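Here are my notes for your first look at this model. Keep the structure open and check each point as you read.

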Amino acid sequence: VFGALFAEYAFLMLLSVPLTALGISCVVLGVTTVLIPGSPIPASNIRSMIKGSCINIEALLEEFDAEGRGVYLPPRDGKVFVYVPLETSHSLSNVWQAMEAPTRVVTEVGGEPGLMVFLPLSDDMLSSIGGDMKAEEALSDILVKKLEFLESVKEAESGDKVVVRMSGSRVGTDLPRFKKVLGSLPTSIAGCVLAFVFNKPLALIEEEASGRVITATFEVQTKNG
Amino acid sequence: MDRQKLYIMTLVIVFSVVTIGLTVYNDQKLEEYLSLYSAGYFIITALYKPRKKRFDIAGAGLFLVLSCIVVIKILDILATI
C-alpha cells in the first residue's frame, strides 16, 4: 500500500522516475511477501505425516485390545500424553495417580494395567502456546493456524465440562480403534491442547461428527472426582 | 535462513541494485527500471522456485507491464520504418 501511494506521489507530484520505480519495487516486494507462506513446509504435508504416525498408535491400541476412552494428562517435561486404561471398568480416581506413573508405554496405575500414548504433537508446538492464551485461542492457534486441520474452532466451558466444536475438518481418520479410544485426530489434538492449557487431566466423554463438523465433550478431572 | 526468506532478501538486493544503478546512471526512463525489475524477478523466481499461497499476482503484473513495453517498442520501430 505504501509502495503504491509513494509511486503515485513520486510520479504525479515529484515527477521523479527513480522514486516512482522505487515505489513500484516496494509494491512488487510487498505482494511477493504476502504470497509467500509463513511456514516453509506445506500444511498438507504436516497433516499427512501426522495421519501416518497415527497408524503406530492404532497398532499399539489394537495389540493391547484397548477399549476404554483415553484421559489426556497435563504436561510432564513439556510433553502431553494420554492414559488409556486397559480395563473398561477403570476408576477415574486413578487418573491423578497416572500422572505420577513412570512415563513408559505399558504401565500400571492403581493396580490396573494401562497404556501411555504419546500423540504426534511436538512439545515445540505446545510450548508455543502463550501463558496468557485462553483455551479457544490456543485451540485455534494449533488446529486452525498451524496444522490447518480445521476451518474454525469454538470452545465453551460449563462446570467441569468442556465442549469443543470443530468446523470444516480437513482430516478424516479411518483408524477405528484410535477413534474409539482417543477420538478423531482433531479431537485428540484438541484434548492435548486443553490438557496443556488447563494443566489438568481431561477425559474424552463423547464425540459427535456430522459432516465436517465435530463436537467433542471433555470432562476436566478434579482430585476428588 | 530458510529458502523463502532468502528469496525475498535476494529480490530486495536485486531491486535495490537496479534502482541505485539506474539512478546513478541518471536514467529517466521508467520502462528501463520496469524491464530490469521484471528480468530480475523472473530469474530469481526461477532459481529459488518459492512456494506461493495462490496465483503469483506480482509476476503476472510484471509480465503484463513487460509485454506492454515490448509491444510499444515494436510499434515504435515499425512506425519509424
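1. Start with A:Ser210. This residue sits in strand S7 of chain A, which covers residues 202-210. Is A:Ser210 buried or exposed? Its relative accessible area is 55%. The cut-off for exposed is over 50%, so A:Ser210 counts as exposed. Now find A:Ser167. The two serines are 43 residues apart in sequence, yet their C-alpha atoms lie 9.7 Å apart in space. Remember throughout that this is a predicted model.

2. Next, look at A:Asp65. It is not a glycine, but its phi is positive, about 50°. Where is it? A:Asp65 belongs to the loop that links helix H3 (43-63) to strand S1 (71-72) in chain A. Its relative accessibility is 42%. Partly exposed covers the range between 20% and 50%, so A:Asp65 falls in that class.

3. A:Glu148 also deserves a look. Its phi is positive at about 55°, and this residue is not a glycine either. A:Glu148 lies in a loop of chain A, between helix H6 (135-146) and strand S5 (152-158). With 35% relative accessibility, A:Glu148 is classed as partly exposed.

4. Now turn to strand S4 of chain A, residues 112-118. How many of its seven residues are buried? Five are, and the strand is mostly covered. Strand S2 (residues 81-85) of chain A pairs with S4(A). The two are antiparallel, and five bridges join them. To see the register, find A:Tyr83, which stands opposite A:Met116 of S4(A).

5. S4(A) has another antiparallel partner to check. Strand S3 of chain A, residues 106-109, is joined to S4(A) by four bridges. Within this pairing, A:Glu108 has A:Pro113 of S4(A) as its bridge partner. S3(A) and S4(A) form a hairpin with two residues between the strands. In that hairpin, A:Gly110 has a positive phi near 55°.

6. Move to chain B. Which elements does it contain? It has three helices and zero strands. From the N terminus on, the order is α-α-α. Chain B has 81 residues, and 32% of them are buried. Consider its contacts with a separation of 6 or more. Of these, 57% link residues that are 24 or more positions apart.

7. How do the chains meet? In the contact between them, 26 residues of chain B touch 21 residues of chain A. About 2,000 Å² is buried between the two chains, and carbon and sulfur atoms give 79% of that area. On the chain B side, B:Leu30, B:Arg51 and B:Lys53 lose the most area to chain A. Together they account for 29% of what that side buries.

8. Check the polar side of this interface too. How many salt bridges link chain B and chain A? The count is zero. One residue pair is in polar contact between the chains, with both residues at pLDDT 80 or more. Three helices of chain B each supply at least two residues to the side that touches chain A: H1 (3-24), H2 (30-48) and H3 (57-80). H1(B) gives the most, with eight residues. By type, the chain B side holds 15 nonpolar, four polar and seven charged residues.

Notes: Residues numbered from 1 in each chain as written. Chains lettered and ligands numbered in written order. Predicted model: local features only at pLDDT ≥ 70, side-chain atom pairs only at ≥ 80, totals over all residues. Heavy atoms only, no water. Buried < 20%, exposed > 50% of the residue type's maximum accessible area, 1.4 Å probe, protein only. Pairing = 2+ DSSP bridges. Contact = heavy atoms within 4.5 Å. Buried area = accessible area lost by both parts, 1.4 Å probe. Salt bridge = Lys/Arg side-chain N within 4 Å of Asp/Glu carboxyl O. Polar contact = N/O pair within 3.5 Å; in protein donor to acceptor, adjacent residues only side chain to side chain. Nonpolar A, V, L, I, M, F, W, Y, C, P; charged D, E, K, R; others polar.
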